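Biologist: I am new to this structure and would like a close look at a single part, the lining of the largest cavity. Please go through it slowly, and then place it in its surroundings.

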Amino acid sequence: MADSECKGESNQTGSIIHAADGDAKLKDIAREKIEGKELTKEEKQRLRKEKKHKKGKKEDKGPTEKGTDKEKKAVSSSALQQSPAQKALSTVPVPVGAPVASVPESSTVDKPSKSKAELKAERRARQDAERASKQGKKEPGSQASSSKSKAPASELQPVVKRLPEHIQVDDPAMVKKLAKKLERQQIPLRSDYGFKVSLFSHLHQYSRKAPLTQQISIPATVIHPSIVRLGLQYSQGIVAGSNARSVALLHAFKQVIQDYSTPPNEELSRDLVNKLKPYISFLNQCRPLSASMGNAIKYIKKEISNIPSQCKEEEAKKKLLSCIDNYVNEKITLAAKAISECAIKKICDGDVILVYGCSSLVNHILCDAFEKQRKFRVIVVDSRPRLEGREALRRLVKRGIRCTYVLISALSYILPEVSKVFLGAHALLANGYVMSRVGTSQIALVAKAYNVPVLVCCETYKFCERVQTDSFVSNELDDPDDLIVTRRGKTQLEAWLSIQSLRLLNLVYDVTPPDFVDLVITELGMIPCTSVPVVLRVKSVDQ
Amino acid sequence: MELQAVVMAAGGGSRMMDLTYNTAKPLLPVGNRPLIWYPLNLLERAGFEEVIVVTTKDVQKMKMDVVCVQEDADMGTADALRHIQQKIKTDLLVVSCDLITDVALHEVVDLFRAHNAMLAMLMSKAHEFTETVPGQKGKKKGGEQRDFVGVDPDLEEGLVIRSTHPRMHIRTDLLDAHLYCLKKCVVDFLVANKCISSLRGELVPYLVRKQFSKATTPGSNGEHTDQNLKRSDANAGLELLISSRDDGLLQLAEERSCWNDHHGDMSEAYHGGRLRCYAHIMEKGMCYRANTLAAYVEANRVAPKLFDESPVHPSAVVSERSLVGGDSIIGPFTNIADKTSIKRSNIGAYTVVKEKVKISNSIIMNGVTIEEGCNIQGSVICNGAVISRGADLKYCLVGSCQHIEPEGEFINQLIKVSNHSVCF
């Protein structure tokens, strides 16, 4: 995976160099590109050797991996540094001083001698790594890196982290870690239910009949009551949908902040953040957090930590509450308004619009368009087991829009009639993939086959920095009992738990590649799917 | 704090006066523990650390870590809530002192939390009483009081089927367990409306009816009579209390959520109603309300199964030549002499049972003396009674501190004096 990352990054730098067109001369560009490729090849060889080495040492696998990861990142980032430093990606903080000094030093040397030096440096690095792993130290990166990559490595250390979103339920060490963390925060651990399909055995699968509230005391003392209520509403599906979940989360946080009082000898900015951590773990146990919720939490944590220490408690609380209101207003309400104004331009009279499931934003757009006297009709596509399309259908018909309702199995039958497809999104990933309700990628695929334009509507606060190319690595498993249905008095799957070889799978999300999406409508305008990292960069610069 | 627990222990036990004329209802022994122990145990197991017990003066003798509130007799449950209004700071969980159950409390409270309900209550399947009730003359069980929830008792105007809820289940086999989760604004509402005096009799039916009423418009109240005005004021009061709770964000979240609690019609979740009442129906498990004599006897049979303790208290002195059945329980410091046979009975504390006594299917309370040769069947003997030798009691109820003369024979009788005799 790191190999592809390095390649990807060097490719990206390659493309950025092409796009730059300004500073570096063509010669320099070509040389750096080749050098970049060489490095990665050599690095690949080295990595292969290291992997063989690793198989011998299973105990020190952790720190060694970390060491090699950091090394890989260090070397790849040094490859990055060779490109004009100004064009580096925002995610990698640009340490201009030391690497630039090393860059001219390395670039002036000829190709073959440079590779020798490189090999030497890498060998040294490997030896350091092994020494460090033998001593079992936790930060081999800082010691193992060679002189060249030392500076960037130490400065790039904060960027190199294990992604916390990667749930690994089938790894007992991770499960133990999680259990310990929850115990420390006094949050009960929710146990998994039923057999999982082996491809998804790394994800949690919970049953709605065993709520987390069974294990906490009534009345809830450790967790704020509004958070308990929210968790219950999440796990029972009463609050569902990306926007609704974020808004409900912010509402609950408002209650928490209102009821909060700083303990003596503590600062509000630090203590409140610590108070919120167990609540977030609790909500995560009830239902895995969505990308929009994650961004909202990051925002709140940032706001709380930015409160000056001399601010009085009442003032601070008021400020925080108004911050939350502003966030909802800007990112959700006004964004929806802006998006619907953009989208209405795309809806012409006589259109047949296909929507999937119940997306609050798409419903909002269609209702607005109908009020603005556009003539169109809607086809609502629905899928089991959630059957959210019924709710979308109800809302649209209530407004007076003409609707047709089909199940997703009739998609290719109905698509020849459709002129546009409007989809909502749960999150937009940094590589342009759209994460949405399971079935969305099918709709986009078939629409592409029929040359029907697919428009995704998404607010920018749902953009997330994660990168995912398939629906397996990170997803959510819903209650498998939802798939059980009783027809004509017979429930075939009633005793599915007793059949050892039968597994039920109830996926919630899937990812749609950007090739199938023609346009993303955000409040910043209509952008192509691949411009998501640009938006992320702009956002982080703003903040 | 999320919920405060209130145990209503001030009731006089009006439906079993024979037992309660001398002993307060909360202190009646069931399975050799005072009746109030059961709801307190339920609350403790659920995780409550503080309880408010509303009681009369007599109960103060008990040593408990609770806040006892003094009040005069003859208050309804709603009046009691009004009385302790100062102490109520959050939502309430009101339990009656005569509830014996092993329900998982989170099921009721989860309904209350998840749907933001005004009221959540517990109901269970009513059990048929299998034990013969002492003192009952004839087979007739008497006009049992039944609760009517959601339906008019007389049904004179016919059954109202609302268009919003076309499918109704009418059940006659449920028992209201008198365990209510109430929002704090209900207590404020009670304070404002002093005409409501009983929770179960008046408040709950009112709230249940209020779910379906549309919001009163201020303009239409013109020509109402005084009574109606008062009622509409009360309605308006509750409306105000509900609307003040709704935050803009909460409404936005509800709008954006793609969930609906029913399908098939064009209305939104909960039919747009903001006052919601939920009931959790216990299908399995034990739930008894010991408020009538029959229920009390039944509860005594069943309650010992709630806790696993040895049936014979370690401090009781039971002689080896006596026969104590496995389903009987003996209280502390009780003396059972030789050649006695005790079957399916509950014997209280400090009781003395002399030789050659046969006790079956009975409830003997504390401090009772039973002399030799007695035969007690299917009876309830209250505190401090003395059964002299050779007495034969079948299906009798002996009141507190009563003396049964020797060789007396009583079948199906209630033995008590009309004036209160002072006992401990």
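Modeller: In this predicted model, the lining of the largest cavity draws at least two residues from each of helix 10 (242–258), helix 14 (360–371), strand 4 (420–424) and strand 6 (434–437) of chain A, where helices (H or I, at least four residues) and strands (E, at least two) are DSSP runs numbered from the N terminus. Helix 10 of chain A gives the most, with three residues. A cavity here is a set of points on a 1 Å grid over the protein atoms alone where a 1.4 Å probe fits but cannot get out, and a lining residue has an atom within 4 Å of a point.

Residues are numbered from 1 along each chain as its sequence is written, and chains are lettered from A and ligands numbered from 1 in the order written. Local features need pLDDT of at least 70 and side-chain atom pairs pLDDT 80 or more, while totals for chains, interfaces and linings use all residues, and side-chain values use heavy atoms, without hydrogens and water.

The whole structure holds eleven cavities of 30 Å³ or more, and the largest has a volume of about 340 Å³, that is, the space filled by probe spheres set on points joined across faces, edges and corners. Its lining counts 24 residues, and those closest to the centre are Ser242(A), Cys358(A), Ser359(A), Ala425(A) and Arg437(A). By class, the lining has eight nonpolar, ten polar and six charged residues, with Ala, Val, Leu, Ile, Met, Phe, Trp, Tyr, Cys and Pro taken as nonpolar, Asp, Glu, Lys and Arg as charged, and the others, Gly among them, as polar.

Elsewhere in chain A, Arg287(A) forms a salt bridge with Glu476(A), their closest N and O atoms being 2.9 Å apart (a side-chain nitrogen of Lys or Arg within 4 Å of a carboxyl oxygen of Asp or Glu). Because Arg287(A) lies in the loop between helix 11 (268–286) and helix 12 (291–305), and Glu476(A) in the loop between strand 7 (454–457) and strand 8 (486–487), this pair ties together parts of chain A that are 189 residues apart in sequence. Over all chains, the count of salt bridges comes to 31, yet across the interface of chain B and chain A there are zero.

One backbone detail of chain A also deserves attention: the peptide bond from Arg384(A) to Pro385(A) is cis, with omega near -5°, and Pro385(A) sits in the loop between strand 2 (376–382) and helix 15 (389–399).

Methods. On a 1 Å grid over the protein atoms alone, a cavity is a set of points where a 1.4 Å probe fits but cannot get out, and a pocket is an open set with protein on both sides within 12 Å along at least five of seven lines; lining residues have an atom within 4 Å of a point.
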